[in-house]
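Please read the points below with the sequence and the model side by side. They go from each chain as a whole to its ring pairs and charged pairs.

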Amino acid sequence: MGFFSSGFSGRGRSDNPDLPPGQYLTESFPVLSAGPTPRIATDDWEFTIATETGKVHRWNWAEFRALPAEDVTTDIHCVTSWSKLGTGWRGVSLDTLFSGVETSAEFTMAHSYGGYTTNVPLDDLLGGKAWVAFDFDGEALEPEHGGPARLLVPHLYFWKSAKWVRGIRMMQSDDPGFWEQNGYHLRGDPWLEQRYW
Amino acid sequence: MMTADNVLDGNAAAGPLLEIFSVDLTAAHGRCDECGRVCALAETVLYNHAPGLVIRCVGCDAVLLRLVDNGTRAWLDLRGLSYLQIDRAQ
């Protein structure tokens with residue numbers, strides 16, 4: 001601490017209790033992408049949950065949209081250090097999607113149109129903590145942000161919220177996904193700053 | 001190949017790759033392990049608005065190279081390349 005004060009007393013990152021360590025606030029919604037944006041018509045869209053026994057649960061778009069949906073207001077935290085507070089989503093809870101799924105596996109791999117993958121422990125998907133989201137800010141989710149539907153797991157870094165999600169595969173072990181194979185943390189809790197291995 | 005915004009050509013990977021290698025790898029020719037296309041890394045498609053650098057095949061969009069660098073460690077994944085041909089300086 002220097003002798004002189006700058007005279008400013010604005011809220012920095014350290015005194016905003018909603019910002020995890022090492023994060024800064026953004027009002028925009030940056031688009032991060034590791035590949036070209038898939039354009040998936042809802043007529044062609046499907047979502048699957050595949051269990052360790054080989055059983056596959058399927059929903060087409062109409063079946064998926066007929067499931068009970070929830071409005072979710074949540075903060076999101078990208079591992080590239082931006083955080084956006086109070087974002088508004090609508091989606092189907094993973095608790096709903098898993099309600100008829102029998103599994104003893106503890107880990108999952110989310111798969112996306114375009115080939116992206118990310119691993120998430122099942123405990124992080126259940127208990128009102130994760131959704132398959134189809135609206136953002138009251139509008140249909142744009143392809144650049146993962147539409148027609150993306151995973152939303154806001155208590156983990158946002159790379160876990162797989163855009164263009166097409167399914168979840170149950171795993172007996174916590175195998176790494178696209179970024180987790182190359183330095184990024186297996187779980188990615190922003191409050192523990194679990195960015196890298 | 002699908003169109004994409006916010007991409008660069010592989011030339012822009014020269015700096016980050018030079019920090020890992022002592023030669024300019026963007027001049028090296030790589031073979032896509034998916035479709036077999038061979039081209040200079042400089043001619044590939046680079047996605048850098050991402051948690052790391054992702055270089056994809058200009059022909060089939062397959063991932064050729066991933067580079068994550070956290071400042072103290074770097075992770076380089078070359079699985080998508082069946083080879084890299086590096087021409088030695090004469």
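1. Of the 197 residues in chain A, 53% are buried, where buried means under 20% relative accessible area, exposed over 50% and partly exposed in between, with a 1.4 Å probe and protein chains only. The model is a predicted one, in which local features need pLDDT of at least 70 and side-chain atom pairs count only at pLDDT 80 or more, while totals for chains, interfaces and linings use all residues. Residues are numbered from 1 along each chain as its sequence is written, chains are lettered from A and ligands numbered from 1 in the order in which they are written, and side-chain values use heavy atoms, with hydrogens and water left out.

2. Chain A contains 2 helices and 11 strands; these are DSSP runs numbered from the N terminus, helices being H or I with at least four residues and strands E with at least two. Their order along the sequence is β-β-β-α-β-β-α-β-β-β-β-β-β.

3. The C-alpha atoms of chain A fill a box of roughly 65 × 35 × 30 Å along the principal axes. Its radius of gyration is 18 Å, which agrees with the value near 16 Å for a compact globule of 197 residues. That radius is taken over C-alpha atoms, and the globule rule is 2.2 Å times the number of residues to the power 0.38.

4. Among contacts in chain A with a separation of 6 or more, 65% are between residues 24 or more positions apart; a contact means heavy atoms within 4.5 Å. Chain A exposes about 9,200 Å², and carbon and sulfur atoms supply 50% of that area. Accessible areas come from the Shrake-Rupley method with a 1.4 Å probe, and for residues only the protein chains shown count as cover.

5. Chain B has 1 helix and 8 strands, in the order β-α-β-β-β-β-β-β-β. The radius of gyration of chain B is 12 Å, close to the 12 Å from the globule rule for 90 residues, so chain B is as compact as a globular protein of that length. Its C-alpha trace spans about 35 × 35 × 20 Å along the principal axes.

6. In chain B, buried residues are 40% of the 90. Of the contacts in chain B between residues at least 6 apart in sequence, 47% join residues at least 24 apart. The exposed area of chain B is about 4,900 Å², with 47% from carbon and sulfur atoms.

7. Over all chains there are 20 aromatic pairs. Rings of Phe, Tyr and Trp (its six-membered ring) pair if their centres lie within 6.5 Å; planes under 30 degrees apart count as stacked, over 60 as edge-to-face and the rest as tilted. Phe29(A) and Trp89(A) are an edge-to-face pair, with 6.2 Å between centres and 85 degrees between planes. Phe29(A) lies in the loop between β1 (24–25) and β2 (46–50) of chain A and Trp89(A) in strand β5 (residues 82–93), so the pair ties together parts 60 residues apart in sequence. Both Phe29(A) and Trp89(A) are buried.

8. Trp45(A) and Phe47(A) are stacked, because their ring centres are 6.3 Å apart and their planes are at 15 degrees. Trp45(A) and Phe47(A) are both buried. One aromatic cluster takes in residues of both chains, including Tyr116(A), Trp159(A), Trp197(A) and Trp75(B).

9. Which residue lies over the face of Phe134(A)? Arg65(A) does, at 3.8 Å from the ring centre. The criterion is NZ of Lys or CZ of Arg within 6 Å of the ring centre and within 35 degrees of the ring normal. In chain B, Arg56(B) lies over the face of Tyr47(B), at 5.9 Å from the ring centre.

10. The whole structure has 9 salt bridges, each a side-chain nitrogen of Lys or Arg within 4 Å of a carboxyl oxygen of Asp or Glu. In one of them Glu144(A) pairs with Arg39(A), the closest N and O atoms being 3.2 Å apart. The two residues are 105 apart in sequence. Glu144(A) is partly exposed at 22% relative accessible area, whereas Arg39(A) is exposed at 53%.

11. In chain B, Arg66(B) forms a salt bridge with Asp77(B), with closest N and O atoms 3.3 Å apart. Arg66(B) is in strand β6 (residues 63–69) and Asp77(B) in strand β7 (residues 74–77). Arg66(B) counts as buried at 9% relative accessibility, and Asp77(B) is buried at 7%.
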